[in-house]
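Work through the following exercises with the sequence and the model side by side, and try each task before you read its solution.

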Amino acid sequence: MNQDQEILEHLKERGSDLTVPHEIEFYVYFPSEKAAQEASHAIVQEGFRIHLLADPSGNRWLCLSLKEMVPELEAIVAYKNKFNDLAKPYGGKCDGWGTQVEK
């Protein structure tokens with residue numbers, strides 16, 4: 001079982017209803033604030049809200065990308081791949097996702 005499937009199973013075990021929309025957070029990291037800002041335009045065009053945050057280490061920036069959606073494995077994997085494709089030219093990468101339990 002891959003990590004994304006494990007997260008979905010964990011949510012289900014905690015009582016989350018995986019048939020209803022959840023606010024999914026994708027963590028897309030960049031080496032600089034400028035890179036995060038430039039890439040964020042493409043992420044917003046995908047229908048996401050974003051928050052740009054400096055990593056406490058000071059070595060990278062997080063483009064926290066949020067969207068209400070049903071947490072389905074195929075959609076999550078597709079967005080992770082899309083974020084990696086969008087981030088790569090800016091030296092960034094998608095480092096996973098998360099959400100809260102929704103009942």
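**Exercise 1. Find which residues are linked into a cluster by ring pairs, and describe one stacked pair.**

Solution. Ring pairs link Phe26, Phe48, Tyr79 and Phe83 into a cluster, where rings of Phe, Tyr and Trp (its six-membered ring) count as a pair if their centres lie within 6.5 Å, and where planes under 30 degrees apart are called stacked, those over 60 edge-to-face and the rest tilted. Before going on, note that this is a predicted model, in which local features need pLDDT of at least 70 and side-chain atom pairs count only at pLDDT 80 or more, while totals for chains, interfaces and linings use all residues. Residues are numbered from 1 along each chain as its sequence is written, and side-chain values use heavy atoms, with hydrogens and water left out.

The structure holds six aromatic pairs. One of them is formed by Tyr79 and Phe83, whose rings are stacked, at 6.2 Å centre to centre and with 25° between the planes. As a next step, look at the chain between them: because Tyr79 and Phe83 are four residues apart in helix H3, about one helical turn separates them. Helices here are DSSP runs of H or I with at least four residues, strands are runs of E with at least two, and both are numbered from the N terminus. Finally, check how covered the two residues are, taking buried as under 20% relative accessible area, exposed as over 50% and partly exposed as in between (1.4 Å probe, protein chains only). Tyr79 is buried at 18%, and Phe83 is buried as well, with a relative accessible area of 1%.

**Exercise 2. Work out the order of the strands in the open sheet, and decide which strands stand at the edges.**

Solution. Start from the general principle that strands of a sheet pair through backbone hydrogen bonds, either parallel or antiparallel. In this model, four strands make an open sheet in the order S2-S3-S1-S4, and the pairing is antiparallel; two strands are said to pair if DSSP finds at least two bridges between them. Strand S2 (49–54) and strand S4 (93–98) each have a single partner strand, so one side of each is left without a neighbour in the sheet, and these two stand at the edges.

Now go through the pairings. S2 and strand S3 (residues 61–69) are joined by six bridges, and along this pairing Arg49 stands opposite Leu66, Ile50 opposite Ser65, and Leu53 has Leu62 as its bridge partner. S2 and S3 also form a hairpin with six residues between them, and Gly58 in the turn has a positive phi of about 80°. On to the next pairing: nine bridges join strand S1 (residues 22–30) to S3, with Glu23 standing opposite Glu68. As a last step, count the covered positions of S3, where seven of the nine residues are buried.

**Exercise 3. Test whether the length of helix H2 agrees with its number of residues, and then find where the helix has a kink.**

Solution. The expected span of a helix is 1.5 Å times one less than its number of residues. For the 13 residues of H2 (residues 33–45) this gives 18 Å, and since the end C-alpha atoms are 19 Å apart, the two values agree. The helix nevertheless has a kink of about 30°, centred on Ala39, the bend at a residue being the angle between axes fitted to the seven residues ending there and the seven starting there.

Next, list the buried residues of H2, which are Ala35, Ala36, Ala39, Ser40 and Ile43. Their cover includes S1, S2, S3 and H3. Just after the helix, Gly47 takes a positive phi of about 90°.

**Exercise 4. Decide whether Lys80, Lys82 and Pro89 are buried, partly exposed or exposed.**

Solution. Begin with Lys80, which has its place in helix H3 (residues 73–87) and is buried, with a relative accessible area of 18%. Leaving aside its neighbours within four places in sequence, Lys80 is in contact (heavy atoms within 4.5 Å) with Asp4, Phe26, Cys94 and Trp97.

Lys82 also lies in helix H3, but Lys82 is partly exposed, at 34%. Its C-alpha atom is separated by 12 Å from that of Ala39, which is 43 residues away along the chain.

Pro89, in the loop between H3 and S4, is exposed, with a relative accessible area of 64%. Between Pro89 and Phe48 there are 19 Å, C-alpha to C-alpha, and the two are 41 residues apart in sequence.
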